[in-house]
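Let's take a walk through this protein together, starting from the inside and working outward. Keep the 3D view open as you read.

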Amino acid sequence: MSTDSPDYIRDLRALIGHRPVNLMGVSGLVLNERGELLLQRRVGTQYWSVLGGICELGEAPEDTLRRELREEAQIEVQRAELLTVLGGPEHHHLLANGDEFYSYSAVYAVRQWSGTPTPDGVEGAELRFFGWDALPARMGPVGRRARELLGASPPPGAD
């Protein structure tokens, strides 16, 4: 397996098949000046999630965050604050193709960023900021926990 492969997970699966692996990723809680949370609606679904993705082989989580937000939303991270790392048995996944993995996600608050959020059209069909009282019902686990992860008090402008 080459460390410069554009798809090291595919290469890894070619070697180990469907056996379980640990995968490290990131989630970005991107907030605008009103304290609203940026969510992405996945292509072909009504499912909303925070932005993020899997770390490439040898890539630092904060570098993954910057890359993923650039790829998925065309925004540049100016500053990110690590909030927590999520993982454990409740983050076990079994995909339809038989691949099995445990996900670990470094969750960042991103309050300082630049650019105009624009969906990539590949993973995300739509990007939208949501107020804390108007979050969509069909949302990923990190998005559902966003307010808690950001701290006991609401983000600025969230009242």
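The largest nonpolar core in this predicted model has 16 residues. If you want to find its best-connected members, look for Leu 29, Leu 37, Leu 39, Val 107, Trp 132, Val 142 and Leu 150, which have the most contacts inside the core. Which elements give two or more residues to this core? They are S2, S7 and helix H4, the last of these covering 146–150. H4 provides the largest share, with 3 residues. There is also a second, separate core, made of 15 residues, and Leu 69, Ile 75, Val 77 and Ala 80 are among them.

Now pick out Leu 39 from the first group. Setting aside residues up to four places away in sequence, Leu 39 touches Trp 48, Ser 49 and Val 50, then Glu 126, Leu 127, Arg 128 and Phe 130, and finally Leu 135, Pro 136 and Met 139.

Next comes strand S2, residues 37–42. How many of its 6 residues are buried? The count is 5, so the strand is mostly covered under the 20% cut-off for burial. S2 has partners, too. It runs antiparallel to strand S8 (residues 124–130), and 6 bridges join the two. You can spot this pairing where Leu 38 stands opposite Phe 129 in S8. S2 also pairs with strand S3 (residues 48–49), again in the antiparallel sense, over 2 bridges. Here, Gln 40 is the residue that stands opposite Ser 49 in S3. S2 and S3 form a hairpin with 5 residues between the strands, and in this hairpin Gly 44 takes a positive phi near 75°.

Let's move over to helix H2, which spans residues 61–73. With 13 residues, H2 reaches 18 Å from its first C-alpha to its last, close to the 18 Å expected at 1.5 Å a residue. Several of its residues are buried: Thr 64, Leu 65, Arg 67, Glu 68, Leu 69, Glu 72 and Ala 73. A bit of background helps when you look at that list. An α-helix has 3.6 residues a turn, so residues three or four places apart point the same way. And what do the buried residues of H2 pack against? They pack against S1, S2, strand S4 (51–54), S5, S7 and S8. Just after H2 comes Gln 74, with a positive phi near 60°.

Charged side chains deserve a stop as well. Across the whole structure, a search finds 16 salt bridges. One of these involves a residue of H2: Arg 67 meets Glu 59, at 2.8 Å from N to O. Is Arg 67 buried or exposed? Arg 67 counts as buried, because its relative accessibility is 15%. Arg 67 and Glu 59 also belong to a network of salt bridges that links them with Glu 56, Glu 68 and Glu 71. Elsewhere, Glu 36 and Arg 34 meet in a salt bridge of 2.9 Å, N to O. Arg 34 has a relative accessibility of 45%, so it counts as partly exposed. Another salt bridge joins Arg 10 to Asp 11, with the closest N and O atoms 3.7 Å apart.

Two serines are next on the tour. Ser 27 sits in strand S1 (residues 21–30), and it counts as buried because its relative accessibility is 8%. Its side chain makes a polar contact of 2.9 Å with the side chain of Ser 105. Beyond its neighbours within four places in sequence, Ser 27 is in contact with several residues, including Val 50, Leu 65, Ala 106 and Val 142. Ser 103 belongs to strand S7 (residues 100–114), and with a relative accessible area of 17% it is buried. The side chain of Ser 103 has a polar contact of 3.0 Å with the side chain of His 93. Among the other residues in contact with Ser 103 are Leu 23, Leu 86 and Gly 87.

That last name leads to our final stop. Where is Gly 87? Look in the loop between strand S5 (76–86) and strand S6 (92–94). At 25% relative accessibility, Gly 87 counts as partly exposed. Leaving out residues up to four places away in sequence, Gly 87 touches Ser 103 and Tyr 104. Gln 112 is 25 residues from Gly 87 in sequence, and their C-alpha atoms are 26 Å apart in space.

Definitions and conventions. Residues numbered from 1 in each chain as written. Predicted model: local features only at pLDDT ≥ 70, side-chain atom pairs only at ≥ 80, totals over all residues. Heavy atoms only, no water. Helix = DSSP H or I, 4+ residues; strand = E, 2+ residues; numbered from the N terminus. Buried < 20%, exposed > 50% of the residue type's maximum accessible area, 1.4 Å probe, protein only. Contact = heavy atoms within 4.5 Å. Polar contact = N/O pair within 3.5 Å; in protein donor to acceptor, adjacent residues only side chain to side chain. Pairing = 2+ DSSP bridges. Expected span 1.5 Å × (residues − 1). Core = buried A, V, L, I, M, F, W, Y, C linked by side-chain atoms within 4.5 Å. Salt bridge = Lys/Arg side-chain N within 4 Å of Asp/Glu carboxyl O.
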